[in-house]
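I opened this entry to look up aromatic pairs, one sheet and the pocket, and I note below what I found under each topic.

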Amino acid sequence: MNVFRLLLLLLLACAVTASAQRSDPPDRLPPNFTGDDPAILLRQLLDLRKRLLKSEFETTQAYEARIVEEKKKPLVDHRTIETSYLLVAHTVHAEYDADRQIMTFSLPVETNYDGEVSRDNIDNRVMTDLSRLAKYQVSLGGVTDPHVFFDRAPGLYSPQSDKEFTATAKLGVADARRLKTSAKAVLGVKFLEPYATGAYQEGGQFLVQVSDVLFFDPQTSIVLGKASFPRGKPYVTLPPSTPDYASYTKNPTFKWPRILAKPEATYSDEASRHHITGTVLLQLMFAETGQITQIRVLRELPYGLTERAIAAARQIRFEPAELNGRKVDYPMKVVYTFELH
């Protein structure tokens, strides 16, 4: 039994009596369940990340021995970095089918990359934006709240569900009306190196492996549904089906995205010291929502310059592309040039 499931069994209380609306006894979380505190985790993970750096005065053998001991130290309570943790997301959407009395819960997932994520030539010691390390991300709250980054997870195994976790529950109208805006989700996660960063996200970014996603009622602590692996197919993600963007430009109604503001990328201190110059080439999705998504690095520079380019790209303001009078997503390449004056 893996660590998360053992932890979950310890957290879950005994099942309640089945109601007329549910045939099986539901699982229940502890009363007033809030999960692990992301602020505490961020502080502890950033501290651990610093401690895991190799000193110039350490031999490799001494460093490797110290790392083993560092990872055995408690992170929160008596749990170490090897333990699973529970993060609560407040960004759950819910849709109700009154005829069938079925409510569908979904937790939006943003896709950072179209294809496989390449970690070649990425220095985890100076990594400041975890979107380069993982294909997917989930916001635990608003734009400035913590974001969780990962490559694979239960429920993300088909084109129909590659951008959200989903689960359903049979509910009466009264409960459905209340849960329309109050349902939450809890992610069972294990942190992966480099664990976390607080540089580009006010609430922090966390790099994880997701093992479970549960939707629950914060008022009763009842687990409403689970996003789970299909039988025999754990950790499988298919690439999302993409439109034929090349055909867009052949349509006379097509209008290209119009960039309104493109902030410049600034030098990092380390890149300046090493006199690094050159260009970073990014492929960006100019989404119909007016946001930059699915950032893919096509050409990079060392010492944090790629991360500086990505941070600048996220601040681009633009008018989305249009096709047949409707706003549409459209990918374009953007270059950031770094020159020392």
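**Aromatic pairs**

I looked up ring contacts and found that the structure holds 15 aromatic pairs, where rings of Phe, Tyr and Trp (its six-membered ring) pair if their centres lie within 6.5 Å, with planes under 30 degrees apart called stacked, over 60 edge-to-face and the rest tilted. I note that this is a predicted model, in which local features need pLDDT of at least 70, side-chain atom pairs count only at pLDDT 80 or more, and totals for chains, interfaces and linings use all residues. Residues are numbered from 1 along each chain as its sequence is written, and side-chain values use heavy atoms, with hydrogens and water left out.

I checked F33 and F216, which form an edge-to-face pair at 5.7 Å centre to centre with 80° between the planes. This pair links distant parts of the chain, 183 residues apart, with F33 in the loop between helix 1 (3-11) and helix 2 (38-51) and F216 in strand 9 (residues 205-216); helices (H or I, at least four residues) and strands (E, at least two) are DSSP runs, numbered from the N terminus. Both F33 and F216 are buried, that is, under 20% relative accessible area, against exposed over 50% and partly exposed in between (1.4 Å probe, protein chains only).

I then turned to Y267 and F338, an edge-to-face pair with 5.5 Å centre to centre and 85° between the planes. Y267 is buried with a relative accessible area of 19%, and F338 counts as buried at 2% relative accessibility. I also recorded a cluster in which ring pairs link Y245, Y248, F254, W256 and Y330.

**A sheet of three strands**

I found an open sheet of 3 strands in the order 2-3-7, with antiparallel pairing, two strands being paired if DSSP finds at least two bridges between them. Strand 2 (93-97) and strand 7 (164-170) stand at the edges with a single partner strand each, so one side of each is left without a neighbour in the sheet. Strand 2 and strand 3 (residues 102-108) run antiparallel and are joined by 5 bridges, and D97 stands opposite I102 in strand 3.

**The largest pocket**

I looked up the largest pocket last and noted about 1000 Å³ of space in it. Of the 35 residues that line this pocket, the closest to its centre are E110, H147, Q291, I292 and T293. A pocket is an open set of points on a 1 Å grid over the protein atoms alone, where a 1.4 Å probe fits, with protein on both sides within 12 Å along at least five of seven lines, and lining residues have an atom within 4 Å of a point; the volume is the space filled by probe spheres set on the points, which are joined across faces, edges and corners.
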